[in-house]
Amino acid sequence: MAQEAQWRQWAHCPQIAADLPDYRPGAAFLPAAGRRRLNFPARLMCEAGWDLAERFPDAPLVYASHDGEINRSFELWLQLWRDKTVSPTSFGLSVHNALPGLWSVLRSDMREHTALALGSGGFENALAECCALLAEGVPAVLLIAADDPLSAGYPVAAERAPFPYALAMVLAPGGDYRLVCQDAADAPQDPYWGALDWIRFMLSGTARQQRNYPRQSWLWCRNGG
């Protein structure tokens with residue numbers, strides 16, 4: 001899904017995603033030499049956030065991911081087992097902060113960026129990180145949450161998002177939304193892909209939504225709801 005109309009359909013009926021063809025981010029705005037180095041998660045990240053970065057050039061980046069380059073890491077393990085060696089370039093790009101590093105190089109942006117490895121409640125913690133930067137006086141923050149879940153071809157017990165995704169947004173001081181952290185609720189636990197639920201929340205028009213995790217609950221409120 002790459003068009004707003006598709007996301008709106010998905011927000012009301014998530015099952016439609018299973019019948020759609022895979023979307024392959026092309027990142028055509030990048031030079032060919034730069035694109036060749038980008039794995040699928042990096043292309044997702046760039047395609048989601050590039051236009052916003054152009055419009056808000058002074059906004060620092062907060063990159064947040066649960067899975068990062070996990071599929072590249074699994075491929076490296078297989079290569080090491082098979083060949084007794086791994087590609088230094090691929091190994092260097094497998095670490096969690098490699099994608100913000102690539103982003104920095106591609107955009108010639110040498111400022112400090114933040115890379116967060118997310119667990120449960122991670123998306124809300126990424127929003128809190130952005131709020132902390134705003135509290136320090138940054139006028140706006142670019143948040144990119146991106147995940148390419150572990151391939152189903154690896155038969156291991158792992159929590160997997162329903163599909164790869166990337167969400168980019170710019171946060172600035174204002175009074176339109178509130179994010180409230182509460183004690184953990186006695187309720188079913190929500191999965192780690194909070195960014196997808198945030199998209200549904202934004203498109204649904206509902207005033208509030210609660211997400212429950214083992215250690216805390218988070219309440220999203222719109223317009224002071």
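Reader: What radius of gyration would a compact globule of 225 residues have, and what value does the chain have?

Author: The model is a predicted one. With 225 residues, a compact globule would have a radius of gyration near 17 Å, and the chain has 18 Å, so the two agree. The C-alpha trace spans about 55 × 40 × 35 Å along its principal axes.

Reader: Which elements does the chain have, and how many of each?

Author: The chain has eight helices and seven strands. Of its 225 residues, 42% count as buried. Contacts between residues at least 6 apart in sequence can also be sorted by separation: 66% of them join residues at least 24 apart.

Reader: Where does V62 lie, and is V62 buried or exposed?

Author: V62 lies in strand β1. Buried means under 20% relative accessible area. V62 has a relative accessible area of 0%, and therefore counts as buried.

Reader: Which residues does V62 touch, apart from those up to four places away in sequence?

Author: With those sequence neighbours left out, V62 touches T114, L116, A126, E129, C130, L133, V141, L142, L143 and I144. A separation along the chain can also be set beside a separation in space: V62 and M169 are 107 residues apart along the chain, and their C-alpha atoms are separated by 10 Å.

Reader: How should the length of a helix such as α4 be read, and what span should its 14 residues have?

Author: The general idea begins with the turn. An α-helix has 3.6 residues a turn, so residues three or four places apart point the same way. For length, the rule is 1.5 Å a residue, by which the 14 residues of α4 should span 20 Å. The end C-alpha atoms of α4 are 20 Å apart, which agrees with that rule.

Reader: Which residues of α4 are buried, and against what do they pack?

Author: In α4, the residues N71, R72, S73, F74 and L76 are buried. The buried residues of this helix pack against α5.

Reader: What phi does K84 take just after α4?

Author: The general rule comes before the case. Most residues other than glycine have a negative phi. K84 is not a glycine, yet it has a positive phi of about 65 degrees. Its place is in the loop between α4 (70–83) and α5 (88–92). K84 has 66% relative accessibility and therefore counts as exposed.

Reader: In which loop does S108 lie, and what is its phi?

Author: S108 lies in the loop between α6 (98–107) and β2 (114–117). S108 is not a glycine either, and its phi is positive, at about 50 degrees. Because its relative accessible area is 63%, S108 is exposed.

Reader: How many cavities of 30 Å³ or more does the structure hold?

Author: A cavity is a space where a probe fits but cannot get out. The structure holds one cavity of 30 Å³ or more. The largest cavity has a volume of about 50 Å³.

Reader: How many residues line the largest cavity, and which lie nearest its centre?

Author: The lining of the largest cavity has 13 residues, and L118, A145, D147, Y165 and Y192 lie nearest the centre. By type, the lining divides into nine nonpolar residues, three polar and one charged.

Reader: Which elements each supply at least two residues of that lining?

Author: They are β1 (61–65), β3 (141–147) and α8 (194–204). The largest share, three residues, comes from β3. V62, discussed above, lies in strand β1, an element that supplies at least two residues of this lining.

Note on methods. Residues are numbered from 1 along each chain as its sequence is written. This is a predicted model: local features need pLDDT of at least 70, side-chain atom pairs count only at pLDDT 80 or more; totals for chains, interfaces and linings use all residues. Side-chain values use heavy atoms; hydrogens and water are left out. On a 1 Å grid over the protein atoms alone, a cavity is a set of points where a 1.4 Å probe fits but cannot get out, and a pocket is an open set with protein on both sides within 12 Å along at least five of seven lines; lining residues have an atom within 4 Å of a point. Grid points are joined across faces, edges and corners, and a volume is the space filled by probe spheres set on the points. Helices (H or I, at least four residues) and strands (E, at least two) are DSSP runs, numbered from the N terminus. Ala, Val, Leu, Ile, Met, Phe, Trp, Tyr, Cys and Pro count as nonpolar, Asp, Glu, Lys and Arg as charged, and the others, Gly among them, as polar. Buried means under 20% relative accessible area, exposed over 50%, partly exposed in between (1.4 Å probe, protein chains only). The expected span of a helix is 1.5 Å times one less than its number of residues. Contact means heavy atoms within 4.5 Å. The radius of gyration is taken over C-alpha atoms; the globule rule is 2.2 Å times the number of residues to the power 0.38.
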